[in-house]
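Colleague: I am new to this one. Could you walk me through how the labels in its description are earned?

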Amino acid sequence: MPVMEQFADSIIGEFARAGRGDLNQMAMRMAVAVASAIVGLKATPGMVKRLNGMLHTPTRTGHALQERWAELWGRGQMLTFLLFDVRPAIRARRREPQDNVISYMVSKGKSEIAILAECVVYGAAGMVTTQEFISVVFWHCMLHPELRELMLTADQETRYEFLNEALRLEPVIARLSRRALSDIAVTSDGQTVTIPAGDRIDFHLYEINADARTVADAPRALHPHRDLGVGVPRAVMGFGSGMHKCAGEFVAIAETDVFLRRLLALDGLRIEQEPTLNRNELIEGYELRNFIIAAG
């Protein structure tokens with residue numbers, strides 16, 4: 001928490017002095033700084049550029065040559081990420097272990113490729129998704145003054161309920177895929193269907209998270225204090241579920257809370273330019289770009 005608070009104070013302090021900035025860029029700096037500290041990477045501008053190159057490369061364009069070029073470009077970005085970011089971090093953690101993911105994996109004798117895979121996963125899960133989540137929650141708070149007031153005055157439990165509800169309604173990743181480890185019998189409306197072992201199952205999160213049988217009344221509305229059934233996570237499937245459920249969900253909620261409470265408290269805070277809404281094909285989620293805000 002002190003690390004998150006330090007990063008948030010620095011980023012929002014710069015914004016307050018400038019009086020104007022791009023929220024998406026501010027959120028990206030926050031998410032990258034926090035995730036890098038957890039993983040053990042050095043959050044440099046070059047690393048941010050390389051991660052963006054990997055995670056924002058279009059994968060489906062409808063043109064074979066363009067898709068092939070995008071694949072080669074993405075692999076090239078991953079190679080530079082390995083050479084300029086991951087390898088130096090591995091060498092540094094071998095010399096001086098710290099309390100982070102890379103140090104742990106080095107201590108367990110994990111391969112360079114295994115460590116690279118973890119860094120890419122943390123990059124996608126800890127940086128890209130949190131960056132977008134911070135922006136979309138801020139947008140809700142500025143459009144609805146009662147939500148801004150909640151973030152500024154409510155206790156932590158109430159704020160965290162609201163943030164999880166926002167993720168339920170606005171999951172950053174729209175679709176998850178899993179493979180059945182064994183035959184699965186599913187019964188619905190009196191009919192039973194068996195999913196064979198090995199088959200891929202696509203979970204469409206917007207539909208799941210808005211299922212009235214689970215979330216009750218007005219499933220597509222944002223209710224900060226929504227009453228969910230026993231055992232139903234506040235974000236429903238916003239953080240996934242099962243053995244692959246997001247390990248950093250508490251980090252994402254905490255850093256969003258820390259960042260937005262400081263930002264929303266600024267005098268004269270306003271939106272100068274609403275964001276452009278794009279789609280990230282790699283994670284099948286939304287991206288908010290050119291989100292210009294001002295204060296003072």
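Colleague: By class, what makes up the lining of the largest cavity?

Modeller: Keep in mind that this is a predicted model. The lining has 7 nonpolar residues, 3 polar ones and no charged ones.

Colleague: Which residues are closest to the centre of the largest cavity?

Modeller: Val32, Leu51, Asn52, Met127 and Val128, out of 10 lining residues. Val and Leu count as nonpolar, while Asn falls among the polar ones. The elements giving two or more residues to the lining are α2, α3 (45-55) and α6 (112-143).

Colleague: What volume does the largest cavity have?

Modeller: About 60 Å³. The structure holds 1 cavity of 30 Å³ or more.

Colleague: Now the helices. Why is α7 called roughly perpendicular to α11?

Modeller: Helix α7 (residues 145-153) packs against α11 at an angle of about 110 degrees, with the axes 9 Å apart. The range for roughly perpendicular is 65 to 115 degrees. The angle falls inside it, so α7 is roughly perpendicular to α11.

Colleague: What is the hand of that crossing, and which residues of α7 make the contact?

Modeller: The crossing of α7 and α11 is left-handed. Arg148, Met151, Leu152 and Thr153 of α7 meet Asp257, Leu260, Arg261 and Leu264 of α11. By class, that contact has 4 nonpolar, 1 polar and 3 charged residues.

Colleague: Why are α2 and α11 called oblique to each other?

Modeller: Helix α2 (residues 23-39) and helix α11 (residues 249-264) pack at about 140 degrees, with axes 11 Å apart. Roughly antiparallel needs an angle over 145 degrees, and roughly perpendicular stops at 115. The angle fits neither, so the pair is oblique.

Colleague: How do you know what kind of residues meet there?

Modeller: From α2 come Leu23, Met26, Ala27, Met30, Ala31, Val34 and Ile38. From α11 come Val251, Glu255, Phe259 and Leu263. Glu counts as charged. The contact divides into 10 nonpolar, no polar and 1 charged. α2 passes α11 in a right-handed crossing.

Colleague: At what angle do α1 and α11 cross?

Modeller: At roughly 35 degrees, and the axes of helix α1 (residues 2-18) and α11 come within 9 Å. This crossing is right-handed.

Colleague: Which residues of α1 make the contact, and how do the classes divide?

Modeller: Met4, Glu5, Ala8, Asp9, Ile11, Ile12 and Phe15 of α1 take part. Their partners in α11 include Val251, Glu255, Phe259 and Leu263. The contact divides into 10 nonpolar, no polar and 4 charged residues.

Terms used. Residues numbered from 1 in each chain as written. Predicted model: local features only at pLDDT ≥ 70, side-chain atom pairs only at ≥ 80, totals over all residues. Heavy atoms only, no water. Axes fitted to C-alpha atoms, helices over the stretch in contact; angles between N-to-C directions. Helix = DSSP H or I, 4+ residues; strand = E, 2+ residues; numbered from the N terminus. Parallel < 35°, antiparallel > 145°, perpendicular 65-115°, else oblique. Left-handed = near helix turned anticlockwise from the far one by under 90°. Contact = heavy atoms within 4.5 Å. 1 Å grid on protein atoms, 1.4 Å probe; cavity = no way out; pocket = protein on both sides within 12 Å on 5 of 7 lines; lining within 4 Å. Points joined across faces, edges and corners; volume = space filled by probe spheres on them.
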